[in-house]
Amino acid sequence: MQSGTAQKISNAILSGAAGFASFIFSLSALLYITELDGKIVASLVAGTFCLLISYLASERPNSESARALSALSERLLAVEDGDLVSPAPVAVRRAMPKLAAAVDRLFEEVRASIENAQALGMYDPVTSLPNRLHFRSEADKLLGGVTAGTKAAMLFVDLDRFKSVNDNLGHARGDQLLIMVANRLRMVVTAEHGETAARRPLLARLAGDEFTIFFPKVDSLTEIERVARRVAQAIAEPFELYGHSVDIGASVGVSVTPDHGNSIESLMRAADIAMYCAKARGGGQHCLFNEELAADHQSKIETEKSLAEALQRGELELVLQPQLSLISGEVVGAEALLRWNHPREGLRMPDTFIPIAERTGMIAELGDWVTSEVALLLAEWMRDDFAHRLAFNVSPRQLERTDFFPRLRQSFADHEVPLSLIELEFTESAAMDASQAVLSEIAALRADGARIAIDDFGTGYSNIARLRSMPLDRVKLDPSLIADIETSAKARIVVQAVVHLINGVGCEIVAEAVETAAQADILRAMGCQTVQGYVFAQPMSEAAYRAWVSRAGNPARSVA
Ligand code: C2E
Ligand code: MG
Ligand code: MG
């Protein structure tokens, strides 16, 4: 039991604490509107308050009040994780109802300030950073103040692999991660440039996983590149997200005045282009804008535009490359490969346009076109009693569309083509990253007769357990695995081990890009069942394929 005097002292301390808290939080609410980083202020205040509470708790360690204060301290620390909503803990409510009420009211005020600022449309509700609009107008003002002879710089930061966090851990965790990223960016920016108002950078969240930082004054390119490197390093460190260690990264594009532009718009465009360069180099790094990148970007934009027209103008074509059994020598099917008959540039191979189509999302339309072409071809072949299986490639981006599988089924149903005549090739990473829902759809297709293959196996990372459990018929070895098998004993050991593994999980092996008879012999001896490669045939038009199959002597091997 506490004595009466002690109780009075305690009450005095606690009401003092409540008053102090009230003052600090009201101040933070006010600051919130004027400062860009409101939640940081709230966190700072919470931190200060926690110190005070810890001090009080340590003075009187075993009392009910001390436990309540410790619970309150925990509640305030949760502000670090963005919690401005939970009420004061029950222990506080019971032991110190006045303080609890004060805390609740102050959080209410902070929330109201945040909502107010957001209502003004200036801040991003998740990270509390300025949004795109606000950034544009503030950066414009800062750029206006840049004196001749000094450099300003723009950093465009795009997260790598953020989508998979959202997909696998959910959007709430994704938001949490964005808050953590924003905090790390704030730390780097403050550590690097926060000291004087004239140099203070402007950090913003543009959209999704895109952030941007404008530096109104930098001394040199070396300096801003060092900052960009630090940004990439800061995001490369794992994030602790509710018990999950999450590895993402950031691709950072850099542009500076006057070399890459004199307006915020041109600097942002240049930094965006440079960011794509960092992304193309594997992410987790920065790139400085240059003219070569600009030209490269321009040509991609032109490809993008003309690709959209290519579909309408009928410039796309499928060529077929035969697949042969290494055991019987029979043609067992073919792979359909895209070609683009470009009106000015002539024949364009897929590597010059598929990556662009994947980036822009255009691959969905290309994929639809490929699917319907394959369905048309197979329907025609069935009428001609030429029942050969056709494999075709499915891009990982196609799987993002929720209606991919029903549309695919519909295409073949419309032409009364049985699914046993098709084979779907998924990339190794698409197969490994596929969600349970996608795997079930794949399993259902396979149950209905379609064959499932993993393409270019050996270039990505494979989860052996997934390989064993996946609905799968064939694995296509990446050409890089077999390129040296004639000359290198090590290459042979690796291929032999892979062949054992794949056969061991009950799948057939297809060796791709087999260019010599010696390679085919080695692969046959190793237990590989099927080959596709220039040694037997190049990809060819449909008419040429049918003629080729007739010459090869098995014109109508039924697979249905
Ligand atoms: P892929 O699916 O692995 O296709 C095999 C590639 O290997 C083809 O290149 C083929 O021409 C090539 N190849 C076959 N035999 C040999 C050989 O003996 N030596 C060498 N050096 N190469 C050989 P292609 O047609 O340029 O296609 C490249 C990639 O483009 C394909 O690789 C595939 O990933 C993608 N692609 C092609 N068509 C489509 C499509 O309709 N949709 C999607 N999403 N991707 C496609
Ligand atoms: Mg393929
Ligand atoms: Mg392949």
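Where is the place of Asp385? Asp385 sits in the loop between α13 (363-383) and β11 (390-394), and we'll come back to that residue further down.

## Before you start

This is a predicted model, in which local features need pLDDT of at least 70, side-chain atom pairs count only at pLDDT 80 or more, and totals for chains, interfaces and linings use all residues. Residues are numbered from 1 along each chain as its sequence is written, chains are lettered from A and ligands numbered from 1 in the order in which they are written, and side-chain values use heavy atoms, with hydrogens and water left out.

Helices (H or I, at least four residues) and strands (E, at least two) are DSSP runs, numbered from the N terminus.

## Two magnesium ions

Let's begin with the metals. The magnesium ion (ligand 2) has Glu335 (OE), Asn393 (OD1), Glu425 (OE) and Asp455 (OD) as its protein donors, at 2.0 to 2.2 Å. Donors here are N, O and S atoms within 2.8 Å of the metal (3.2 Å for Na, K and Ca); water is not among the atoms, so sites may look incomplete. Along the sequence, these donor residues follow the spacing E-x57-N-x31-E-x29-D. The pair Glu335 and Asp455 links distant parts of the chain: Glu335 is in strand β9, Asp455 is in strand β13, and they are 120 residues apart.

For the magnesium ion (ligand 3), the protein donors are Asp455 (OD), Asp456 (OD) and Glu512 (OE), 2.0 to 2.3 Å away. Asp455 in β13 (residues 451-457) and Glu512 in β15 (residues 508-512) are 57 residues apart. Asp455 bridges the two magnesium ions, ligand 2 and ligand 3, which lie 4.0 Å apart. Asp455 has a relative accessible area of 7%, so it counts as buried (under 20% is buried, over 50% exposed, partly exposed in between, with a 1.4 Å probe and protein chains only). Glu512 is buried too, at 11%.

## Around ligand 1

Now for ligand 1. Of the 21 residues around it, Arg339, Asn393, Asp455, Glu515 and Tyr534 come nearest; a residue is near if one of its heavy atoms lies within 4 Å. This shell divides into ten nonpolar, four polar and seven charged residues. In that count, Ala, Val, Leu, Ile, Met, Phe, Trp, Tyr, Cys and Pro are nonpolar, Asp, Glu, Lys and Arg are charged, and the others, Gly among them, are polar. Strand β9 (331-342) and β13 each supply at least two shell residues, and β9 gives the largest share, four residues.

A polar side-chain atom of Asn393 lies 2.9 Å from an oxygen atom of ligand 1. On the nitrogen side, a polar side-chain atom of Glu515 lies 2.5 Å from a nitrogen atom of the ligand. Taken alone, ligand 1 exposes 800 Å², and the protein buries 81% of that. These areas come from the Shrake-Rupley method with a 1.4 Å probe.

## Backbone oddities

Most residues other than glycine have a negative phi, and most peptide bonds are trans. Asp385, back from the opening, has a positive phi near 60 degrees; at 59% relative accessibility, Asp385 is exposed.

Ser128 also has a positive phi, about 65 degrees, and lies in the loop between α5 (97-119) and α6 (132-144). At 0% relative accessibility, Ser128 is buried. Then there's the peptide bond from Thr257 to Pro258, which is cis, with omega near -10 degrees. Pro258 is in the loop between β6 (249-256) and α10 (264-280).

How values were computed
A polar contact is a pair of N or O atoms within 3.5 Å; within protein, one must be able to donate a hydrogen and the other to accept it, and residues adjacent in sequence count only if both atoms are side-chain atoms.
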